[in-house]
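Got the viewer open and a selection box ready? Let's take a walk through this one, stop by stop.

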Amino acid sequence: MGDSKEREPLPRLLDLIPDGKQWKGREAQGAGRSRNAGFGSEEDKQLELKLGPPGLLKEGTTAAAASRDEGIRREIPALSLGCFPHKPSKPAVNTTATGTKRGFLDTIEAKTESRDEQKQQAGAGCGNELPLDEKIPAASERKTGFCPPTSQHAPPAATVHNRPHAQGRRPSAPVVGWPPVRSFRRNLAHGGSSKQSTEPHNSEASMKEKLACKKNPLVKINMDGIPIGRKVDLGAYDSYERLSLGVKELFHGFLEAQKDLSSAGSTQLGATEKIFSQLLDGSGEYTLVYEDNEGDRMLVGDVPWNVFVSTAKRLRVLRSSELSRGLIAVAPRRGPDC
Amino acid sequence: MGRGGSRAAPAAAAPPWHVLPDEVWEHAFSFLPADSDRGAAAAACRSWLRAERRSRRRLAVANCYAASPQDAVDRFPAVRAVEVKGKPHFADFGLVPPAWGAAAAPWVAAAADGWPLVEEISFKRMVVTDDCLEMIAASFRNFQVLRLVSCEGFSTAGLAAIAAGCRNLRELDLQENEIEDCSIHWLSLFPESFTSLVTLNFSCLEGDVNITVLERLVTRCRNLKTLKLNNAIPLDKLANLLRKAPQIVELGTGRFSADYHPDLFSKLEAAFAGCKSLRRLSGAWDAVPEYLPAFYCVCEGLTSLNLSYATVRGPELIKFISRCKNLQLLWVMDLIEDHGLAVVASSCNKLQELRVFPSAPFDAAEQVSLTERGLVDVSASCPMLESVLYFCRRMTNEALITIAKNRPNFTCFRLCIIEPHTPDYTTHQPLDAGFSAIVESCKGLRRLSVSGLLTDSVFKSIGAHADRLEMLSIAFAGNSDLGLHYILSGCKSLKKLEIRDCPFGDKPLLANAAKLETMRSLWMSTCSLTLGACRQLARKMPRLSVEVMNDPRRGCPLDSLTDESPVETLYVYRTIAGPRSDTPACVQIV
């Protein structure tokens, strides 16, 4: 419903500022402000409507991201808007699908880069560039004026529709925080989910497997006598032996440090070797135990490796002497298991 | 007393109404349900102020930085239930820097000190630590309700403290929080003597729970009405739980999948058949279509169905929903598609709220046939529909105009067309006309989110017509400062305005500075603001807190940055507490 039959005079925003200051528009680099916005200033002639070759448009929109740099704009034909000069907000954002915490900083970093380096090759297959927003002309060639609102409906040809409806045809590079869905939902789309398993419709997968399927089997591992724990990725190992070696590597440094600090013992080079050599069979100084998904302490090594990976929740390297006395240390905050 | 003259002093009579004792006013005010009414009463005169504030039991602090915790405690000494909200809404989508603030600790500390009788605490979008939870457990002897929505910073250790320490806990409601799993068996810490639970929602918890412990808890809490499980509960255990709690009113199934076994199916079906009071159902993540018919016996009674994380699709899904004839609330994924929504339109005539979420928000390949048609159908056939959140990929002005005509009773209309700047796909015009129709027709509209290709003229309509609008979300829209000016100079009831990626600059902000004090908050990110304008705004409006968030590398000191420097994000809110002191490096209060 066209609403602007009448051409009303545009309000002078400057007059509305109470203290009457003339606000000087500045063509600041990267500031992307509009000058005399909507006051009928002339359009930026540089914004012409051009169609780019199919390849460039694989990200859908104008590769005006490129147009951060005026020079580039000539080389990379960009689909720009004639009468819909959206402000050059700085939307050069990196793709991010990693959830809320990363997003903000990524935005900032990307934007700074683009401002500072001034070279964006949006269409050129650089997957980082932000698609849609980049219709927005760059700061440097900022639009000094916009079509007055009333004349927007005039030239339909110049409008957006020339943008191929590629929205159905290419993956949109994600803008930070867009579309506005919670981070839980991002994971749904990519299959790895915080709430669901990876195959939504796979009814063949065994339930047990699904239950146990975690995105990353990083489990905590503590060693008696060492106050600081580590985390280990069970998925990175394929056997108990490798795990045992890995455990040794994790705590090796700590043990050495402790030995250095205790001036009394002589540093025995093979000491840590000895400690870790018999983790699995109970005959060494330390034994590896784990806590399973039902909360019980179990000896490592009894079940097949893949079952172990899916049920182990935490690991512990205990002194074997503790084991034999049946005094398995209980973590202070833990309540009764059942 | 005696004035002499012609007027005789009146004979001793009842005291004039305005000197009635406070208790009378407190009793009168207890009938005012809305905080805003109580606030208005308190503004009438000193004695009403005194009576109202001393009898206020429920306090909702919509912006944790609008007042200090001590202000709140001092002013309302008798509060029993407090709700505090922290980060701005766009924090949900990653636009707020990680360490921005909104710590719950000062509120918990102030409450522990000044409101020892507090029974209910709700936090939304705040950073709640395990220490906070431990303090809650230790400080309030009659603590009953803990609700945490979109919070982070705590772990199962904190939950353990709550379970162990809150003897009278009725509700533990954890919605969409980020909870670190410390493998603490927090559920086991509810004592055997503990039976008061009415609501237990741990659906957002990622770790495993001890199912035996859960079963025992559910069995002994005979008043349990709401149970929302996480994804650690297999289907057969779900059936067991339901048999132990047939009185349940609201159920979150967690996952709902298993290989199809007729025995398991029958077990489930029987379990649901026993739940005669079940009214609200959610979960069904990974739902396997073959198991959906197990729900059939409860469909008739369901008023609320949240399948927004359920990736099930196809005829079984549609058949299931179509049997829920009394649905008032339906949240579903776009996998339902237009034809599914057409069925919803014809079956669920009592629908009041519809939300359709995108199953593949980042993948533009159109696998899902959900368009404007679905929304048009539902709006045409569901006369009580008043709240909509709809993600789709295409829209037309005509559809929006039709929707506006069909449903002038919308109070909340949020349309998200996934690709920014998408025009009407048939006419290639901006969607100004459509959204204008919405605001002109829906006079009671309180919340609006716009999307698609939009010019300044839609904002003119919104500013002029949306008199009751309280919250407006704008993204990738408008083409000049005028757009923002229309909004800020119109929209009489506007409380929250959030804007991203729009070409709005300094002028409308400064020209409408006074408006900002009538609002709760304004968020503008990736617009065309400069630091100088923000500084000027802060100078002009001392009761606003003007926060600027920029590239951390340029964060401090802001003094060295010039007025021309662009501002990435601006967050402005009114406050009586002055500038906060807990900003991270990349946030500056100018």
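Which residue stands opposite M524(B) in strand 22 of chain B? Select M524(B) and look across: the residue facing it is L570(B).

Before going further, some housekeeping. This is a predicted model, where local features need pLDDT of at least 70, side-chain atom pairs count only at pLDDT 80 or more, and totals for chains, interfaces and linings use all residues. Residues are numbered from 1 along each chain as its sequence is written, chains are lettered from A and ligands numbered from 1 in the order in which they are written, and side-chain values use heavy atoms, with hydrogens and water left out.

**Stop 1: strand 20 of chain B**

Stay where you are and extend the selection to residues 521–530 of chain B, which make up strand 20. Helices (H or I, at least four residues) and strands (E, at least two) are DSSP runs, numbered from the N terminus. Strand 20 of chain B is mostly covered, with 10 of its 10 residues buried. Here buried means under 20% relative accessible area, exposed means over 50%, and partly exposed is in between (1.4 Å probe, protein chains only).

Now add the partners; two strands count as paired if DSSP finds at least two bridges between them. Strand 22 (residues 566–574) of chain B runs antiparallel to strand 20 of chain B, over 7 bridges. Strand 19 of chain B pairs with strand 20 of chain B in the parallel sense over 5 bridges. On that side, I499(B) has M524(B) as its bridge partner.

**Stop 2: two positive phi values**

Most residues other than glycine have a negative phi, and most peptide bonds are trans. Step off strand 19 (496–500) of chain B into the loop that leads to helix 19 (506–511), and you reach D501(B). Its phi is positive, about 55°, although D501(B) is not a glycine. D501(B) has a relative accessible area of 3%, so it counts as buried.

Next, pick R125(B), in the loop between strand 3 (120–124) and helix 6 (130–139) of chain B. R125(B) is another residue other than glycine with a positive phi, near 55°. Its relative accessibility is 9%, which means R125(B) is buried.

**Stop 3: N201(B)**

Select strand 8 (residues 199–201) of chain B and find N201(B) in it. N201(B) is buried, at 3% relative accessibility. Show what surrounds it, using contact in the sense of heavy atoms within 4.5 Å. Leaving aside neighbours within four places in sequence, N201(B) touches L172(B), D173(B), L174(B), Q175(B) and K228(B).

**Stop 4: the cores**

A nonpolar core is a set of buried Ala, Val, Leu, Ile, Met, Phe, Trp, Tyr and Cys residues joined through side-chain atoms within 4.5 Å. The largest has 210 residues, and those with the most contacts inside it include F123(B), L200(B), F320(B) and L497(B). Centre on F320(B): apart from neighbours within four places in sequence, its contacts include L281(B), F295(B), Y296(B) and C299(B). A second, separate core has 24 residues, among them V219(A), I221(A), V247(A) and L315(A).

**Stop 5: helix 16 of chain B**

Colour residues 432–441 of chain B. Helix 16 has 8 of its 10 residues buried, so it is largely enclosed by the rest of the structure. What covers the buried residues of helix 16 of chain B includes helix 15 (397–406), strand 16 (412–417), strand 17 (447–449) and helix 17 (456–465) of chain B.

Zoom out for a moment: chain B comes to 21 helices and 23 strands. Of its 590 residues, 62% count as buried.

**Stop 6: over to chain A**

Here is an open sheet of 5 strands in the order 2-1-5-3-4, with mixed pairing. Its edge strands, each pairing on one side only, are strand 2 (226–233) and strand 4 (297–299) of chain A. Strand 1 (residues 218–223) of chain A pairs with strand 2 of chain A in the antiparallel sense over 5 bridges. Look there for K220(A), which stands opposite K231(A) in strand 2 of chain A.

Last pick: the peptide bond from W178(A) to P179(A), which is cis, with omega near -10°. P179(A) sits in the loop between helix 3 (100–117) and helix 4 (183–190) of chain A.
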